[in-house]
Amino acid sequence: MDSPAATGPPDLAAAAELAAAADNGPDALSPDAAAQASSSPAAPDVANERRSGDPSARATSFLSARNLRPRMVRWRRQLARVNAFEPILREESDADIRKRSLALRYRAMAGEKLGTLLPEGYALCREAGRRALSMRHYDVQIVGGIGLYEGHITEMQTGEGKTLTATLPLYLHSLVGKGAHLATVNDYLAKRDAEWMMPLFEMLGVSVGIIQTEDDQGSRRKSYGAAITYGTAKEFGFDFLRDRLLLRAQNRIQTEMLGGGDGGFSDSGDQVVMRGMHFCLVDEADSILIDEARTPLIIGSIEDNVRDQVVETYRWASENAPSFEIDEHFEIDDDTKKYELTARGRSRVRSLPKNDLVRTMGLVDLYEYIERSVKVHREFLLNRQYVIRPSEKDPNVDEIVIVDEFTGRLAEGRKWRDGIHQAIESKEGLEISVPTGQAARITVQDLFLRYPHLAGMTGTAATSASEMRRIYRTPVVRVPTNRPPQRKQLPPRVFGTLDSKFEAIAREVADIHASGRPVLIGTRSIDKSVLLSKLLDELGIEHEVLNANNVEREAEIVAAAGGIGRVTVATNMAGRGTDIKLADEVESLGGMHVICTELHDAARIDRQLIGRCGRQGDRGSYRQYLSLDDDILKGGFGVGRSDKLKSRGAANTGSADRLATTFTRAQRKVERKHFRDRMVMMHGEKDRKKMQREMGQDPYLDTPD
Ligand SMILES: Nc1ncnc2c1ncn2[C@@H]1O[C@H](COP(=O)(O)OP(=O)(O)OP(=O)(O)O)[C@@H](O)[C@H]1O
């Protein structure tokens, strides 16, 4: 199977041409393409903007380059049409802008092609951005927006303004009234981006909905009812599945199914929340469409809140069970060996303190939980009936393994029934394994292929371009940066051990810190961020730590991270969505410096961190630090070879910089392995779906456990 990186699609060739043209730099400027091509005599005030140093004027050089591929020539022509509207719209009042937007909607609803409406639509969006957000879409963003409208995955460097670019295709597709979705990676980004762009959409009279995980069905329905809906890919998937379960319960799925099955719903008048899937723009396309696509989305037959309640009640019962006395609070039936609470025992259950989750459990259930837990405390003993061992699936998690009473051996994989197993887990303070069941499932690939119009944006798609095209039929195109990038890569450094690597990192931080430039250090895990923080403390370097333990201060830490002399240690939380603004003086000192302390499993995560510096053509630099005991070597080469490298590292005192490429090779191997896993899963799912359809089943709902 081809490596995703091995074959570049022809689209990238076009992109490279474009990028090369863009590299001509500001001095190679030819007259603004838009102004030239514009048929309007009142072309935008490009000359003035250029004199005033407006970056968008400079960046248009690529748009006037010769020898572009036909598609780019077409997009350039479209851009000229968009630009032609600008001087007219600038003269109009806010009310006129909104009126135009409404008129466009009528035309779209009446069946006029969206492609025809694009120039005016994009120009309106740009004007609304300028007025409502003080951000006028750059020409490159308009071109990116055209690519998105035409169903591409556009690769835009981090910090180039994907959030603003997204407004263009979202607005245009929303005009037909079937909804336009923006799928992003987490609730925080969905909310942040939607709220940030809201004034622009409001100016155009377009409603915006936001889906958050905790939303109930009613507010979800309302958010999907809006013209544009921001949410996470996961929530879109779950809503699709929940709706489908509901439709089946109401016998309204016409195809692909056998039998009714009430799926937990009744004809109670419940309504679906989505109103179909029309257009989806996937933000961070590589991580959603590729990284997260390895595991399907599954709805358990036990709802999350019910599961929480069950787990909490097991814990409550096992905390209280030891205080129940035989004969006084419970009795044991001689024949059946059943434990039964006495009247005093039941009254004790009623008077015990309970939290909200436990309180909502039925009283009879609570009696049962206590009876079971008392039994477990008296009869099930550690190292007799069972042992505790690290789980084979995840060695960081302990699990109960039954000791077979006949053979004295461990009965691998077996569990006690009727809640006994869970009661023992809670007695031992282990994770409680409430079975989830599977009510419905869908793969990420299936979910997004259901949208007739799909597009995506990413900072780092090049390595997954061929996979995107093969699976989602979305070509990848690279959009040049608005200003030439000035980010500098310093040569990577390799050390024998983690300790020597971290010491060297601390030294580099101290050096750069002394110059006043802000430094951002990315770590792969929370414990490593803590370790590094300790080292910096020892050196007396003041710094902030940003990891999952202090999310609440995230905004504050990020806002300050670009200041003079700032040092910030962060896990990959400081990835997408972190827009670090540099203090004015920082640019002249050389911008921010980013230190990557380890390679991630996917190169694009590393690039996201790197993308925190040198944004929007700012100056900046970064360096990769590696050590021979890094996890990536084990992932890529296996235990044997990575152990050899590790012992070589332990013996090594000097520089091992020449081994840097070994790490990138290991990373590529890990990426390829993940790619193969995804392909295997996809083919497995395809066969399963085909078989189920032939059997008249619904492949999303009739899922095997
Ligand atoms: N046309 C524009 N005019 C002015 N500022 C802009 C424009 N486009 C983007 N920006 C600014 O660029 C910054 C980066 O934008 P945004 O966060 O959307 O980038 P991004 O491409 O999503 O980056 P990342 O992938 O790193 O999150 C923001 O501060 C935004 O205000």
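**Entry 1: Helix 8 and helix 9**

I began with the term needed for helix packing: an axis here is a line fitted to C-alpha atoms, for helices over the stretch in contact, and the angle between axes is taken between N-to-C directions. The model I examined is a predicted one. I then looked up helix 8, which spans residues 139–149, and found its axis 8 Å from that of helix 9, at an angle of about 40 degrees. Helix 8 and helix 9 are therefore oblique to each other. I noted the crossing of helix 8 over helix 9 as right-handed. On the side of helix 8, the contact is formed by Gln141, Ile142, Gly144, Gly145, Leu148 and Tyr149. Helix 9 contributes Leu164, Thr165, Leu168, Pro169 and Leu172. Sorted by class, this contact holds seven nonpolar and four polar residues, and no charged residues.

**Entry 2: The annotated binding site**

I next consulted the UniProt record. Its unreviewed entry places a "binding site" feature at Gln141, Gly159, Glu160, Gly161, Lys162, Thr163 and Asp579. Gln141, listed in that record, is also one of the helix 8 residues in contact with helix 9.

I looked up two of the annotated positions in detail. Where does Gly161 lie? I located Gly161 in the loop that runs between strand 1 (153–155) and helix 9 (162–174). Gly161 has 19 C-beta neighbours inside 10 Å and so counts as partly exposed; the cut-off for a buried residue is 20 or more. Lys162, by comparison, belongs to helix 9. Is Lys162 buried or exposed? Lys162 counts as buried because 24 C-beta neighbours lie inside 10 Å. Leaving aside neighbours within four places in sequence, I found Lys162 in contact with Met156, Asp283 and Met457.

**Entry 3: Positive phi at Glu284 and Gln616**

I recorded two residues other than glycine with a positive phi. Phi of Glu284 is near 50 degrees, and phi of Gln616 is also near 50 degrees. Glu284 sits in the loop that links strand 5 (279–282) to helix 13. With 27 C-beta neighbours inside 10 Å, Glu284 counts as buried. Gln616 is found in the loop between helix 25 and strand 20. Gln616 has 17 other C-beta atoms within 10 Å and is therefore partly exposed.

**Entry 4: Helix 25**

The loop of Gln616 led me to helix 25. How many of the eight residues of helix 25 are buried? I found that seven are buried, so that helix 25 (residues 603–610) is mostly covered. The buried residues are Arg604, Ile605, Asp606, Arg607, Gln608, Leu609 and Ile610. I then asked which elements they pack against. The partners are helix 13 (285–290), strand 16 (519–522), strand 19 (592–596) and strand 20 (619–627).

**Entry 5: Helix 17 and helix 18**

I returned to helix pairs. Helix 17 (residues 363–379) and helix 18 (residues 420–427) have axes that come within 9 Å and cross at roughly 65 degrees. Helix 17 and helix 18 are therefore roughly perpendicular to each other; angles from 65 to 115 degrees fall in that class. I noted a right-handed crossing for helix 17 and helix 18. In this contact, Arg372, Ser373, Val376 and His377 of helix 17 meet Ile420, Ala423, Ile424 and Lys427 of helix 18. I sorted the contact residues into four nonpolar, two polar and two charged.

**Entry 6: Helix 26 and helix 27**

The next pair I looked up was helix 26 (residues 631–651) and helix 27 (residues 660–694), whose axes come within 8 Å and cross at roughly 60 degrees. That angle makes helix 26 oblique to helix 27. The crossing of this pair is left-handed. Helix 26 makes the contact through Ile632, Leu633, Gly635, Gly636 and Phe637. Helix 27 does so through Phe663, Arg665, Ala666, Gln667, Lys669 and Val670. By class, I recorded six nonpolar, three polar and two charged residues in the contact of helix 26 with helix 27.

**Entry 7: The chain overall**

I closed with the whole chain. I recorded 27 helices and 20 strands. The chain has 705 residues, and 44% of them count as buried. Among contacts with a separation of 6 or more, 74% join residues 24 or more positions apart.

Key
Residues numbered from 1 in each chain as written. Predicted model: local features only at pLDDT ≥ 70, side-chain atom pairs only at ≥ 80, totals over all residues. Axes fitted to C-alpha atoms, helices over the stretch in contact; angles between N-to-C directions. Helix = DSSP H or I, 4+ residues; strand = E, 2+ residues; numbered from the N terminus. Parallel < 35°, antiparallel > 145°, perpendicular 65-115°, else oblique. Left-handed = near helix turned anticlockwise from the far one by under 90°. Contact = placed C-beta atoms within 7 Å. Nonpolar A, V, L, I, M, F, W, Y, C, P; charged D, E, K, R; others polar. UniProt positions renumbered as here; feature names shortened; annotations may be inferred. Buried ≥ 20, exposed ≤ 12 C-beta atoms within 10 Å, placed from the backbone.
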